Amino acid sequence: MNIILLSGGSGKRLWPLSNDIRSKQFIKIFKTENGDYESMVQRVYRQIRAMDETATVTIATSKTQVSAIHNQLSENVNVCVEPTRRDTFPAIALATAYLHDVLGVSRDDSVVVCPVDPYVNEDYFAAVKRLSDMAKEGSSNLVLMGIEPTYPSEKYGYIIPGDKEEVSPVVAFKEKPDLQKAKEYLSQGALWNGGVFAYRLSYVLKKTEELIGFSDYQKLFDGYKDLNKISFDYAVVEKEPDIQVLRFGGQWKDMGTWNTLTEAMEEPSIGEVMLNESCENVHVVNELDVPVLCMGLKNMVVSASAEGILVSDKEQSSYIKPFVDKISQQIMFAEKSWGSFRVLDVEEESMTIKVILNPGHKMNYHSHEHRNEIWNVIAGNGKAILDGREQTVKPGDVLYMPAGCRHTIIADTELKVIESQLGRDITVQDKIKYPMP
């Protein structure tokens, strides 16, 4: 089975745990059987592997998310990188061409497209497998999953089926409605459009040739910035006459807001948190190394991270985005392919960062033109290379890299470093990469 997971967006509705680099699907908030926490992308990827160990999983995403994907899954996961954001049709066209031209998937094989961040159980992936089989059989050009709605929602588009059978022809699609329209759609037996669908690979390659003029992966990648922004629903789905919908009545939650996210949390708090006995329906996520105490709160969500602190009524938390859009600041936390970093302090001409490198990983060999750096090793063992000279590093070691010095650090064990950046122009753009010596 071939699955394309669409991983996009910045997830601003889950601020302060999410930011422009750390999207909602990378927040580790779901408790596993061994007591650790996993993110949405880790959970979905694990569930797919449990359902079909041999499935070809490709994550279609922007370049800002690649490091987090490699960090949380592995360096070996298939990633189709969009050079820039161009909505879902170009993303799916590029990923489909990637399957064919790079991974060698046959034009006759079926492909299922899913969002990366629904909260679902195993029956969902059984339905995904069935979608794949139906597409491969070729009974319709497109097969959609229709989610049986639990309430009239204004957040989702709707699919109007032709009958009440488990598999039905599609009569019409409806955009996100107001509440009254949503009630009318439900009375007509409408289903939520969860963005899950399947097709033969050749079908989307053909549509790509018709709408763009070519379907070669390298040509699509090279000319991606010039493609029109258009959704797959608008470009293909709503214009396709030969289309079916498969009903799905199992658990399905869109983890797009704090309200829905807390519904999926198995415990009321994560991190160093205290709730007194008068708290009711309160969820707290604390990523800081300081305690959070809540007393007498009701129907609230509290979240503390390096990005900021949120204290909100659960219903009101759905309206967070316009306020977060006004916040402009340094990214304070990010996961990289080699580990993670957290900003500890920002001054006018300095920035202090805590860096954690995973065992066996290293930073790029690089230099900076406009700043000096100091590394203070506080835990772990490894090696550093400064201007081609290699040396071992251990707790207590201090290394100084003036502007222009080429440097990297390599972790033998988990390595923790306090990095001080000193200069008048401290930006992420001030970085020149070199081949390893």
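This passage walks through some local features of a predicted model, from its backbone geometry to its salt bridges.

A good place to begin is the loop between strand E1 (2–7) and strand E2 (30–31), where Ser18 is found. Ser18 has a relative accessibility of 1% and therefore counts as buried, the cut-off for that class being under 20%. A polar atom of the Ser18 side chain lies 3.3 Å from the backbone nitrogen of Trp15. Trp15 is also joined to Pro16 by a cis peptide bond, with omega near 10°. Pro16 belongs to the loop between E1 and E2.

Two residues stand out for their backbone angles. Asp87, which is not a glycine, has a positive phi, near 70°. Asp87 sits in the loop between strand E5 (78–82) and helix H3 (88–101), and with a relative accessible area of 42% Asp87 is partly exposed. Asn299 likewise is not a glycine and has a positive phi, of about 55°. Asn299 is part of strand E18 (residues 298–305) and is partly exposed, its relative accessible area being 39%.

On the surface, Met274, Leu293 and Met295 make a nonpolar patch of about 330 Å². Met295 is located in the loop between strand E17 (292–294) and E18. Its relative accessibility is 53%, so Met295 counts as exposed, a class that starts at values over 50%.

Turning to charged side chains, the model has a count of 14 salt bridges. One of them pairs Asp133 with Lys129, at 3.2 Å from N to O. Both residues lie in helix H4 (residues 122–137), four residues apart, which is about one turn of the helix. Asp133 is partly exposed at 33% relative accessible area, and Lys129 is partly exposed at 31% relative accessibility.

Helix H4 also takes part in a salt bridge between Arg130 and Glu166, with 2.9 Å from N to O. Because Glu166 lies in the loop between strand E9 (158–161) and strand E10 (167–174) while Arg130 is in helix H4, this pair ties together parts that are 36 residues apart in sequence. Glu166 is partly exposed, with a relative accessible area of 46%, and Arg130 is partly exposed at 34% relative accessibility.

A further salt bridge links Lys181 and Glu184, whose closest N and O atoms are 3.7 Å apart. These two residues are three residues apart in helix H5 (residues 179–187), so about one helical turn separates them. Lys181 is partly exposed, with a relative accessible area of 38%, and Glu184 is partly exposed, with a relative accessible area of 32%.

Conventions:
Residues numbered from 1 in each chain as written. Predicted model: local features only at pLDDT ≥ 70, side-chain atom pairs only at ≥ 80, totals over all residues. Heavy atoms only, no water. Buried < 20%, exposed > 50% of the residue type's maximum accessible area, 1.4 Å probe, protein only. Polar contact = N/O pair within 3.5 Å; in protein donor to acceptor, adjacent residues only side chain to side chain. Patch = residues over 30% accessible without salt bridge, like charges linked within 9 Å, V, L, I, M, F, W, Y side chains within 5 Å. Areas by Shrake-Rupley, 256 points an atom, 1.4 Å probe, with all protein chains shown as cover. Salt bridge = Lys/Arg side-chain N within 4 Å of Asp/Glu carboxyl O.
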